[in-house]
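Work through the exercises below with the sequence and the structure at hand, and try each task before reading its solution.

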Amino acid sequence: MKTKILKYVLAALFLIVSFLVWRSVDRAVNVPGASIWAVPVSFFSVYFVLAYLNTIVIKRIEILQWLFSASILLSFIFVRSLWHLNAVFAAYVFLAWGITKIVDDLQLNIRVSLWKSIRAGSALVLLAISLMIASQYYASAKDFGAERIIPQFRISSVSGNLTSKILAMVNPGFKDISQEGLTVDQFILQIQEKQENDVVISSAMDSQIDQAIEKSNPGLTDAQKKLLKDEALKKAANTSVELGREQQILILQEGRRKFSEIYGSNLVGDEKIADVFSGIVNRKIDQYFGSESVAPGKTSSLPAIMAIGLFLTVLSLGSALNLVWILLAGWIFWVFRETGLVRIIRVPIEMEVIE
């Protein structure tokens, strides 16, 4: 009687946890503030432990098949898609195959070895659940834009280092440009700094002024020539400064225009260059993978790519955690045995052997 009650309790807990599992995946995909996969991983850990315990305690394959099929059909509460129906069917095949291997191994063993029996079919169970998670993710995220699927890049906090590294790759002379909060205008002017920060009169111009003064006024003293030369240089410097200011305005206008084209909206110049870089990166991602790259009437391939990546990630992570799940299921079964909820008995059997 105790064992019968235990079977009902384990089956009920398994279905409740199954519901919570698919709900946690739904929240991780659809609720931006809840997109932390640690919660689904915790629920799936409980799911697998209960799955193994139910398989060991119930043992009847037809009942287990109904139980596991109900557990995966609960996902339709959160996802309604023909694509997901295909995944559910494939998952059911793998689940039925996996639990059959576990039960068969239990029945064929001369000595009960939960570790060996569970491992005989656990890989197929893990494959089925990984497929279910990836399918539910794809069914929920296939209509999302790239900004929902891929985390947006935010690089303001490291703008100085990032800016200096980018510029250093272009020109080593820009490696010291790492001010926090560098604006678009400041960035443009920094690029032109070597050409504009000082007004330099070349030696060729200096020689031309000397020749002009000597030719036009050959009888002047050295002091008078120096005075005329200083006045000429002053006028040339003032002219250069005015030309430099006009050139700076033109450079800023042209720089803002080019950045605006890449960024996708008009810039006034006081925006932080790190935020502009962030926006450019995110826009390019959306162009390559998101709605901007998709022809009218077609869907983006990004959700499918992300679903495949999620499937491989869950499969890899599950393979590592599966050892812990089996050990935990074995320990709980030992507790059941010690408390008398289940018993292991010895029975005589007939078996075929090769003589």
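## Exercise 1: A120 and D105

Task: Decide whether A120 is buried, partly exposed or exposed, and then find what A120 touches.

Solution: The relative accessible area of A120 is 28%, and because the class between buried and exposed runs from 20% to 50%, A120 counts as partly exposed. This structure is a predicted model, and in it A120 is found in helix α5. Leaving out residues up to four places away in sequence, A120 touches K101 and D105. A further step is to take the pair A120 and D104, which are 16 residues apart in sequence and have C-alpha atoms 9.2 Å apart in space.

Now turn to the partner D105, whose place is in helix α4. D105 has a relative accessible area of 15%, which is under 20%, and therefore D105 is buried. Apart from residues up to four places away in sequence, D105 touches K116, S117 and A120.

## Exercise 2: The chain as a whole

Task: Describe which elements the protein chain contains, and how much of the chain is buried.

Solution: Begin with the elements, of which the protein chain has 13 helices and zero strands, so that, read from the N terminus on, every entry in the order of elements is an α. Next take burial: of the 355 residues in the protein chain, 36% are buried. Last, consider the contacts between residues at least 6 apart in sequence, 68% of which join residues at least 24 apart.

## Exercise 3: Where the prediction is confident

Task: Find where in the protein chain confidence is lowest and where it is highest.

Solution: Start from the average, since the mean pLDDT of the protein chain is 75, with 62% of its residues at 70 or more. Confidence is lowest in helix α6, residues 146-149, where the mean is 49, and highest in helix α3, residues 61-73, where the mean is 93. Over residues 150-160 the pLDDT is below 50, and this stretch has 24 contacts in the model beyond near neighbours in sequence. Over residues 196-204 the pLDDT also stays under 50, and there the model has eight contacts beyond four places in sequence.

## Exercise 4: Helices α2 and α3

Task: Check the lengths of α2 and α3 against the expected spans, and then say what surrounds these helices.

Solution: For α2, with 21 residues at 1.5 Å a residue, the expected span is 30 Å, and the end C-alpha atoms are 30 Å apart, which agrees. For α3, with 13 residues, the expected span is 18 Å, and here too the distance between the end C-alpha atoms, 18 Å, agrees.

The next step concerns burial. Of the 21 residues of α2, 15 are buried, so α2 is largely enclosed by the rest of the structure. In α3 the buried residues are L64, L67, F68, S69, S71 and I72, and the buried residues of this helix pack against α1 (2-30), α2 (38-58), α4 (82-108) and α5 (114-141). An α-helix has 3.6 residues a turn, so residues three or four places apart point the same way.

W66 also lies in helix α3, but with a relative accessible area of 68%, W66 is exposed. The C-alpha atoms of W66 and Y92 are 10.0 Å apart in space, while the two residues are 26 apart in sequence.

## Exercise 5: K59 and the largest pocket

Task: Locate K59, and then describe the largest pocket, whose lining includes this residue.

Solution: K59 is found in the loop between α2 and α3, and its relative accessible area of 45% makes K59 partly exposed. The phi of K59 is near 70°, a positive value in a residue other than glycine. Most residues other than glycine have a negative phi.

The largest pocket holds about 1,100 Å³ of space. Its lining consists of 28 residues, and those nearest its centre are K59, V112, R343, I344 and I345. Two or more lining residues come from each of α1, α2, α4 and α13 (302-338), and α13 gives the most, with four residues. By kind, the lining divides into 15 nonpolar, six polar and seven charged residues.

Conventions: Residues numbered from 1 in each chain as written. Predicted model: local features only at pLDDT ≥ 70, side-chain atom pairs only at ≥ 80, totals over all residues. Heavy atoms only, no water. pLDDT = per-residue confidence, 0-100. Contact = heavy atoms within 4.5 Å. Expected span 1.5 Å × (residues − 1). Buried < 20%, exposed > 50% of the residue type's maximum accessible area, 1.4 Å probe, protein only. 1 Å grid on protein atoms, 1.4 Å probe; cavity = no way out; pocket = protein on both sides within 12 Å on 5 of 7 lines; lining within 4 Å. Points joined across faces, edges and corners; volume = space filled by probe spheres on them. Nonpolar A, V, L, I, M, F, W, Y, C, P; charged D, E, K, R; others polar.
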